[in-house]
Amino acid sequence: GRNMKLPVFVKDRTIKFWEKYFSAQLLFFSVMICFPAFLFQQKTEIIILETLLFFFLAFSRRGNIKILPSLLMILAVTFFSLLTPYGKVLFYIGGNKALPITLGALEDGLRRSFILVGMVFLSQFALSSKLNLPGKFGSFSIGIFSYLEKFRQDSIKITSGKIISSIDEKLIEVYKNELCADENSQISEKSHPFGYVFALLLPISLYLLLFF
């Protein structure tokens, strides 16, 4: 799907904001703490609001984001949930009341779909090419995420009859670009005090919402 993009002058400011006040490591660990609070949330309306928040955070940090796959996921999961009706009947679709649309199935579908989409946005907010975790496993994990992210962002020029070789060429290109970026990058490990406050308030707010 096409990317939603911030205007260039807005994108430059938002990206510089996140880089100035937050280290990549601080945001990553803050988001990891957020995941359980989000997954255990039971109220559909709160899940939807939190997903919208995660979208805004990811969009502002990255400057662009693919929205069509998320919308399709919401529609698909909700549709298949409606095929197993339960709860109060809202209305019917089809002749002879073929398919009842029920409140329980609708809420369940929305809850499941927005949890999936919210996790995607949270991951996009957490991950960064500047993220550097300690240890071999941390380095390996970040390398995988970084390559996948670069691969996901860039389009692949598919040549007729050479689909596999086209993908291989793209992977090699991503690998070479990543090596150059590693050689030239200067990763800051420091965060502004405001960054630490935000990194604490975000998960705390999500956990408090579990009691509402």
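Phe-28 is a good place to step into this predicted model: the residue sits in helix α2. With a relative accessible area of 11%, Phe-28 is buried, since buried here means under 20%. Its C-alpha atom is separated by 8.6 Å from that of Ser-128, although the two positions lie 100 residues apart along the chain count.

**The protein as a whole**

Let's step back for a moment. The protein is built from eight helices and four strands. Reading from the N terminus, the order of elements is β-α-α-α-β-α-β-β-α-α-α-α. There are 212 residues, and 35% of them count as buried. The exposed surface comes to about 13500 Å², with 68% of it supplied by carbon and sulfur atoms. Now look at contacts with a sequence separation of 6 or more: 74% of these join residues 24 or more positions apart.

**Helix α2 against helix α5**

Back to the helix that holds Phe-28. The axes of α2 and α5 come within 9 Å and cross at roughly 170 degrees. An angle over 145 degrees counts as roughly antiparallel, and α2 and α5 are therefore roughly antiparallel to each other. On the α2 side, the residues that meet α5 are Ala-24, Leu-27, Phe-28, Val-31, Met-32, Phe-35, Phe-38 and Leu-39. Facing them from α5 are Arg-111, Phe-114, Ile-115, Gly-118, Met-119, Leu-122, Ser-123, Phe-125 and Ala-126. Sorted by class, this contact has 14 nonpolar residues, two polar and one charged.

**Helix α4 against helix α5**

Helix α5 (residues 103-126) also packs with helix α4 (residues 68-82), at an angle of about 150 degrees and with the axes 8 Å apart. That angle makes α4 roughly antiparallel to α5, and the crossing of the two is right-handed. From α4, the contact takes in Ser-70, Met-73, Ile-74, Val-77, Thr-78, Ser-81 and Leu-82. The α5 residues they meet include Ala-105, Leu-106, Asp-108, Gly-109, Arg-112, Ser-113, Phe-114 and Phe-121. Eleven nonpolar, five polar and two charged residues make up the contact of α4 with α5.

Leu-71 belongs to helix α4 too. Is Leu-71 buried or partly exposed? Its relative accessibility is 42%, so Leu-71 counts as partly exposed. The C-alpha atoms of Leu-71 and Ser-113 are separated by 9.3 Å, with the two residues 42 apart along the chain.

**Helix α3 against helix α8**

For the next pair, find helix α3 (residues 44-62) and helix α8 (residues 193-208), whose axes come within 12 Å and cross at roughly 160 degrees. This pair is therefore roughly antiparallel as well, and α3 passes α8 in a left-handed crossing. Glu-50, Leu-53, Phe-54 and Leu-57 of α3 make the contact with Phe-198, Leu-202 and Leu-206 of α8. Six of these residues are nonpolar, none is polar and one is charged.

Here are the three helix pairs side by side:

| Helix pair | Axis separation | Crossing angle |
|---|---|---|
| α2 and α5 | within 9 Å | roughly 170 degrees |
| α4 and α5 | 8 Å | about 150 degrees |
| α3 and α8 | within 12 Å | roughly 160 degrees |

**Ser-30 and its neighbours**

One more residue of helix α2 (residues 24-39) is worth a look, namely Ser-30. How accessible is Ser-30? The relative accessibility is 4%, so Ser-30 counts as buried. Which residues does Ser-30 touch, leaving out those up to four places away in sequence? They are Ala-199, Leu-202 and Pro-203. Leu-202 has already appeared, as one of the α8 residues in the contact with α3.

Leu-201 lies in helix α8. At 48% relative accessibility, Leu-201 counts as partly exposed. Leu-201 and Ser-30 are 171 residues apart in sequence, yet their C-alpha atoms are 9.3 Å apart in space.

**Pulling it together**

If you are turning the model on screen, you might start with α5, which meets α2 through residues such as Phe-114 and Ile-115 and meets α4 through residues including Phe-114 and Phe-121. Then move to α8, where Leu-202 is among the residues touched by Ser-30 and is also part of the contact with α3.

Note on methods. Residues are numbered from 1 along each chain as its sequence is written. This is a predicted model: local features need pLDDT of at least 70, side-chain atom pairs count only at pLDDT 80 or more; totals for chains, interfaces and linings use all residues. Side-chain values use heavy atoms; hydrogens and water are left out. Axes are lines fitted to C-alpha atoms, for helices over the stretch in contact, and angles run from 0 to 180 degrees between N-to-C directions. Angles under 35 degrees count as roughly parallel, over 145 as roughly antiparallel, 65 to 115 as roughly perpendicular and the rest as oblique. A crossing is left-handed if the near helix is turned anticlockwise from the far one by less than a right angle, and right-handed if clockwise. Contact means heavy atoms within 4.5 Å. Ala, Val, Leu, Ile, Met, Phe, Trp, Tyr, Cys and Pro count as nonpolar, Asp, Glu, Lys and Arg as charged, and the others, Gly among them, as polar. Buried means under 20% relative accessible area, exposed over 50%, partly exposed in between (1.4 Å probe, protein chains only). Accessible areas come from the Shrake-Rupley method with a 1.4 Å probe; for residues, only the protein chains shown count as cover.
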